[in-house]
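Biologist: I am new to this structure and should be grateful for a close look at a single part of it, set within the whole. Please begin with the overall picture.

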Amino acid sequence: MKLIITIDTEGDNQWDAGLPRSTDNIRFIPRFQELCDRYHFPPTYLCTYEVVDSTAFDEILLPLHKSRRAEVGAHLHPWTNPPLSKWDRGDNGAAYPSELPADLFTQKLESLTALLAAKLGETPRSYRAGRWGLSAAHIPALLQCGYIVDCSVTPLLSWTDPGARERGQDFSDAPVSPYFVAWGDPAREGASGLLEVPVTILHTNAIMRHSPLLRGAYRRYRKTLAARMLNRAFWIAPQWFRPFSDMSVARLTAVYETARRLGLPAVEMMFHSSELMPDGSPHNLTVESVDHLFTRLDRLFAHLAGRKVEGITLSAFAEPLCKARGTCDR
Ligand SMILES: [Zn+2]
């Protein structure tokens, strides 16, 4: 089993309506990198335009990529990624990349890729869309720009709830194991040659895992008090391999152990670089909260190391699969 750690490496507090462009949180990455180094788990930092454009990128992230202690890939936030446009932010909040006209998305991807390539000295190969907004229209643009692997798919989840102002993609039925995406739908397996390594999101509750009926009922009633109470007692919701502040080490370990039981070749963790900085995100407002994150990650990584899990970057995981399929020539 492999461990892929993906970090959305982006500006401070991107949940804020004002969407600040500061990138102070990048200065908090070295502490996390040291933890990863200790376990030989090289992370993959998926960086937005404003991060790649910062001096902190040159001082902190670039040396990590060049020394192969980590991989740097791309993360596209329409609202900070040139060329800026009227589509980037509307009355309904920040745009999902999937909401952009296809030509505009391609131009933004090309400018992000060019900046990354100039700094890295090589084409980036790993990608994640901001707000999980990957659409079928993006697949040819990603391949054209040299990307071999995407990680924007969140199985069992949909980002299409109009009540919550979500206008993204529906990944409810996407595979939980890595797959090559279909040209017409990134949530389906097919012939495009772009590898998808979805974020690990699973039902750790075996009854939920085996009952499409109960999963459908949960989806429908998930916002009710009853569903929330049942979830607290029985963990009936899909569980992310993501260190949310309410995810204990035991819960995170349960997600890993479920993935292992299902025979998945890898588990993929995700969180945001801004979660490493106190008050950098809604998730960790205080120093104590960030310390708690580190304590939990340390204990989780110790468990994974004890289970002989091997850390790997996203593109290193993808490369042999793409080579076998003839879609990767580097
Ligand atoms: Zn993001």
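What percentage of the contacts in the protein chain with a separation of 6 or more is accounted for by residues 24 or more positions apart? I should then like to examine one helix pair: at what angle do helix H9 and helix H10 pack, and which residues in H9 meet which in H10?

Modeller: This is a predicted model, in which local features need pLDDT of at least 70 and side-chain atom pairs count only at pLDDT 80 or more, while totals for chains, interfaces and linings use all residues. Residues are numbered from 1 along each chain as its sequence is written.

To take your first question, residues 24 or more positions apart account for 70% of those contacts in the protein chain, a contact being two residues whose C-beta atoms, placed from the backbone, lie within 7 Å. The secondary structure comes to 11 helices and 14 strands, that is, DSSP runs numbered from the N terminus (helices H or I, at least four residues; strands E, at least two). The C-alpha trace spans about 50 × 45 × 40 Å along its principal axes. The radius of gyration of the protein chain is 19 Å, which agrees with the value near 20 Å for a compact globule of 330 residues; it is taken over C-alpha atoms, and the globule rule is 2.2 Å times the number of residues to the power 0.38. Of the 330 residues, 45% count as buried, with 20 or more other C-beta atoms within 10 Å of their own. The chain is divided into domain 1 (2–202 + 240–325) and domain 2 (204–237), with bounds from an automatic or database domain assignment. The C-alpha centres of these two domains lie 26 Å apart.

Now to the helix pair. H9 covers residues 249–261 and H10 covers residues 287–306. They pack at an angle of about 35 degrees, with their axes 10 Å apart; axes are lines fitted to C-alpha atoms over the stretch in contact, and angles run from 0 to 180 degrees between N-to-C directions. From H9, the contact draws on Val249, Leu252, Thr253 and Tyr256. Facing these in H10 are Arg296, Arg299, Leu300, His303 and Leu304. By type, the residues of the contact divide into 5 nonpolar, 2 polar and 2 charged. In an α-helix there are 3.6 residues a turn, so residues three or four places apart point the same way.

Helix H8 (residues 225–234) offers a contrasting view: 0 of its 10 residues are buried, so H8 lies largely in the open. H8 is followed by Trp235, whose phi is positive, near 50 degrees.

Conventions: Nonpolar A, V, L, I, M, F, W, Y, C, P; charged D, E, K, R; others polar. Buried ≥ 20, exposed ≤ 12 C-beta atoms within 10 Å, placed from the backbone.
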